[in-house]
Amino acid sequence: MSSHTGAAGADCRTDPCAVGALPWATFYTSASVDRIIQSLGQKIMSDEDKQLNTQNVSNSTEESRDTSDIINIPVPSEELEESNLSEEEAESEDEQFRELKEPPEKSHRNIPSPVSSKEEQLEGEELKEEEEEIMEDTVSSKQSSETPSFEAEQQVMQPASQTPSDKKNLSFLNKIKALTESFHNTVRNPSATVKAVLIPVGQEIIVSFKVHTILKYFKEHFSYLLEIPSHELQISYAGIVLKSHETLIQHGVRPQETVQLDICSLNPDLYPIKRLVGLSDLSRIVTVTIETGPDLYKEVAVEMVKSDFHKSFLGGFKHKITGVEYHNAGTQTVPKKIPEKPNARCRDTQTVVQRRKLLQTTNTTSTQMTKIGVYVSNITDKLIKPGKYFSAAEYHARRLKAVIVIQTYYRRWHAKTFTDELRRQKNLRLEWEAEEERRKIREKEEWMQLDYYRRHNPKTDEDFELLYDALEFWRQEEVSHINQHLTGAERKTALCELLDKETQIIASIGRHRYLARLSSQEEAIQAFLDKCSAPKTWRSSDGKLIEMDTQFTIRARELQNIYNCIILKDISQDERFDVLLTLKHTVKEHACKLTQEILELIDREVDLMMRGVKTENLEGLRKRIATLFLHYIKTPLFNPEVARHLKAPPDPLKFYKKIHFCQSCQLYLPSTEFSVLSTSRRIYRCRHCVNLENEALRRESVLKFKCLLERLYSSEANYEDEAQIAFLMQLQDIQYLVEKIWASQSILSAWDDLNDLVMVRWDKSLEWSPWNCILLTKDEAAAHLKLESLEKDYGHLFIHKIKHKHILAKKYFCQIPELALFMHDDGEVEEIRSKHQTDTTPKVLSPKTQP
């Protein structure tokens with residue numbers, strides 16, 4: 001800590017924005033002090049005896065020449081220099097303040113400039129008023145503390161013999177001297193410690209501010225720090241609002257005192273006061289009262305500097321009476337940092353010197369034996385017998401034997417640990433193999449259960465393909481059984497019965513397909529209505545899901561509820577009347593041909609229900625009402641939310657170029673209705689005709705080939721090497737490749753279950769293609785992809801067999817490379833790739849909110 005007395009404010013004047021002290025303060029020059037003292041002397045002379053005049057002063061003895069010099073109050077050269085410096089500093093401070101702040105009003109009190117006679121008169125009156133105020137304050141505050149010491153000094157300096165007039169002169173001189181010293185002290189250190197409290201944050205900022213400076217500068221200083229206009233700040237002291245043109249001394253604040261000023265904003269909504277950040281690194285100035293003598297105290301402004309080093313206790317002493325601890329000066333100063341010397345190395349620090357020397361330490365011992373006059377107890381003595389002598393060879397032989405024993409036990413422990421680790425790995429391997437077997441069996445059972453469920457509850461086209469495949473398998477078994485056991489008329493009769501059974505089964509499959517289509521249509525309608533009535537959702541910054549309903553979603557939800565009530569079947573007649581009445585009021589809001597037709601059908605159903613018509617006879621009418629109302633819901637005019645989910649009609653010009661003619665059904669259909677093979681040159685039949693021919697003739701199920709193709713897409717999407725040929729393969733292409741080229745079995749183990757087979761790359765460094773693939777089981781494929789060199793790991797005969805199959809596949813699929821070049825910029829390939837690509841990015845899980 002470093003202490004500053006009167007120069008504390010002057011040290012901080014170089015920084016106009018420093019918090020420790022404010023630069024703008026009123027300075028009284030030596031000339032102004034002289035004028036104040038002269039006027040004060042005239043006032044005191046008028047109150048003293050009228051006989052004390054200048055002649056009595058001039059007739060005093062030569063021994064009091066020093067005091068006569070004080071009476072004349074000459075201005076010393078040092079004080080003149082100080083006054084000039086103070087004026088120059090005041091001018092420089094005002095110039096700095098104008099450059100930084102540019103206040104609207106400028107103080108002319110501290111800047112000497114030539115003025116007119118009227119201005120001099122005004123200035124003289126202001127100065128006279130200030131002199132009167134300062135004299136009253138100084139006499140009341142300083143006379144009691146400073147005068148006794150001064151009088152004591154004058155008593156020592158006075159001669160032994162003095163007249164009463166000399167005593168009166170000396171008392172007058174003592175008063176003048178006390179006033180002079182008090183004024184000089186006030187001029188040298190006119191600052192007070194101000195504790196500024198920011199309301200309402202409660203932050204305290206301690207600054208040094210001169211008591212004669214107007215508070216406008218104090219307010220503008222904090223306006224700069226808080227970034228708030230100065231007219232929006234209010235300063236209060238002890239509950240009194242201080243104005244900008246007032247000073248601290250007008251409110252009774254003396255120099256070197258500590259006061260608290262509250263700063264608040266007049267408009268806290270527009271200009272709120274915030275806590276100042278970064279003030280802890282700056283210095284703080286406080287006023288400390290120190291003891292200068294017996295019953296004499298002095299207030300000193302102390303600057304506290306925050307240091308980033310740990311001060312060690314270097315000693316001190318303690319006052320026996322007061323108990324105050326005083327530390328040595330070394331604990332109050334920042335220690336010097338020892339400069340670092342880079343590359344300060346010598347050869348001695350880089351080399352190692354070893355020295356070996358045998359030393360025998362002296363150990364003086366003594367023994368005490370029993371003798372005449374001395375008794376030594378032998379209770380604790382031990383009897384030591386000499387052992388068997390052995391030579392160095394015998395000693396080393398014993399050591400070698402012990403080492404061999406230790407090595408034996410260590411090797412036993414190491415072998416046991418090694419075998420235990422092998423046994424543990426074996427058990428883990430056996431457990432893994434058993435788990436894999438159980439997993440395969442479990443997957444097989446799940447597949448069979450799923451296949452059984454799909455056969456008994458068919459819903460999709462793949463499910464009905466399975467039914468037709470099972471029907472064909474059953475028919476072939478029955479035909480083979482009839483041909484083996486029956487002949488002649490019995491055979492024909494059995495075949496006719498088989499044909500009847502087959503016809504009934506096909507009719508039953510057709511009814512199931514019709515019901516499945518109806519249910520799928522109803523599910524699609526419900527999904528569409530749910531999508532339209534769903535609220536708007538988005539995720540907030542904290543991860544929570546926010547939902548919002550609009551007027552359009554609410555309208556769509558109301559229409560969905562009405563539609564769900566219309567399609568209900570097992571309801572009473574009164575409930576049906578309520579539903580129709582609600583539908584009628586809803587539809588009547590818009591007048592058009594569709595709404596008019598719905599209203600007519602509603603009136604017709606109500607009339608028929610009043611006549612007692614059975615419910616079975618009203619099914620068609622109710623179905624028609626539901627269909628028309630669904631069309632009403634899908635109209636954007638009546639349901640605006642549905643416009644976001646309806647598919648826009650295609651451009652007729654672009655759609656015209658993508659229409660093809662089916663030679664089987666004789667219809668013009670879009671290109672999406674045709675399945676184009678990679679080996680075909682023209683488009684012949686649409687998908688519907690191909691599926692119909694399959695159900696009528698072959699009745700083959702391609703579900704297994706579809707799963708195999710999906711596995712191929714998934715494995716190739718994870719490579720991320722711009723492969724395209726794999727995504728151009730169609731269902732018929734993969735079926736031909738598996739059946740004709742690879743004989744529907746693994747090339748290694750001859751496993752023929754297509755559910756366990758996958759088609760992977762032969763050379764994983766090249767793109768997948770029909771001439772760079774191999775059909776293996778899942779486990780075989782995982783092991784194959786780990787191989788580094790195919791020529792080293794496979795035999796020449798096996799490699800020759802694989803190459804032969806690749807040649808056959810390349811001959812059949814020779815058009816695929818040209819098709820890949822043509823489809824290079826097509827977005828469908830990237831869409832398939834992104835659909836089957838595994839997402840490896842980490843997912844952010846939102847925390848669950850507890851109720």
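## Salt bridges, a helix face and some backbone features

K444 is partly exposed, with a relative accessible area of 36%. That lysine is a good way into this predicted model, because K444 in helix 10 pairs with D753 in the loop between helix 21 and strand 15, tying together parts that are 309 residues apart in sequence. Here is a quick tour of that pair and a few other features.

**Salt bridges**

- Across the whole structure, a search finds 27 salt bridges.
- In the bridge between K444 and D753, the closest N and O atoms are 2.5 Å apart. D753 is buried, at a relative accessible area of 12%.
- Helix 10 (residues 392-456) also holds K440, which links to D779 in helix 22 (residues 778-784), 339 residues apart. Their side chains meet at 2.6 Å, N to O. K440 is partly exposed at 36%, and D779 counts as partly exposed at 41% relative accessibility.
- K706 and E462 form another salt bridge, with 2.5 Å between the closest N and O atoms. This pair joins helix 19 (residues 703-717), home of K706, to helix 11 (residues 461-485), home of E462, across 244 residues. K706 counts as partly exposed at 29%, and E462 does so at 22%.
- Shared partners connect E472, R475, E502 and R699 into one salt-bridge network.

**Helix 14**

- Helix 14 (residues 573-587) has 15 residues, which at 1.5 Å a residue should span 21 Å; the end C-alpha atoms are 21 Å apart, in agreement.
- Its buried residues are R576, V579, L580, L583, T586 and V587. Viewed down the helix axis, they fall within an arc of 120°, so they line one face.
- The cover over these buried residues includes helix 13 (551-566), helix 15 (593-610) and helix 16 (619-633).

**Backbone features to look at**

- Most residues other than glycine have a negative phi, and most peptide bonds are trans.
- The peptide bond from I199 to P200 is cis, with omega near 10°. P200 sits in the loop between strand 2 (191-198) and strand 3 (203-210).
- E227 has a positive phi, near 60°. This residue is in the loop between helix 8 (215-226) and strand 4 (233-237) and is exposed, at 71% relative accessible area.
- A743 also has a positive phi near 60°. A743 lies in the loop between helix 21 (731-741) and strand 15 (757-761) and is partly exposed at 44%.

**A nonpolar surface patch**

- F317, V324 and Y326 make a nonpolar surface patch of about 290 Å².
- Y326 belongs to strand 10 (residues 325-327) and is partly exposed, with a relative accessible area of 36%.

How values were computed:
Residues numbered from 1 in each chain as written. Predicted model: local features only at pLDDT ≥ 70, side-chain atom pairs only at ≥ 80, totals over all residues. Heavy atoms only, no water. Patch = residues over 30% accessible without salt bridge, like charges linked within 9 Å, V, L, I, M, F, W, Y side chains within 5 Å. Areas by Shrake-Rupley, 256 points an atom, 1.4 Å probe, with all protein chains shown as cover. Salt bridge = Lys/Arg side-chain N within 4 Å of Asp/Glu carboxyl O. Helix = DSSP H or I, 4+ residues; strand = E, 2+ residues; numbered from the N terminus. Buried < 20%, exposed > 50% of the residue type's maximum accessible area, 1.4 Å probe, protein only. Expected span 1.5 Å × (residues − 1). Arc of directions from axis to C-beta. Contact = heavy atoms within 4.5 Å.
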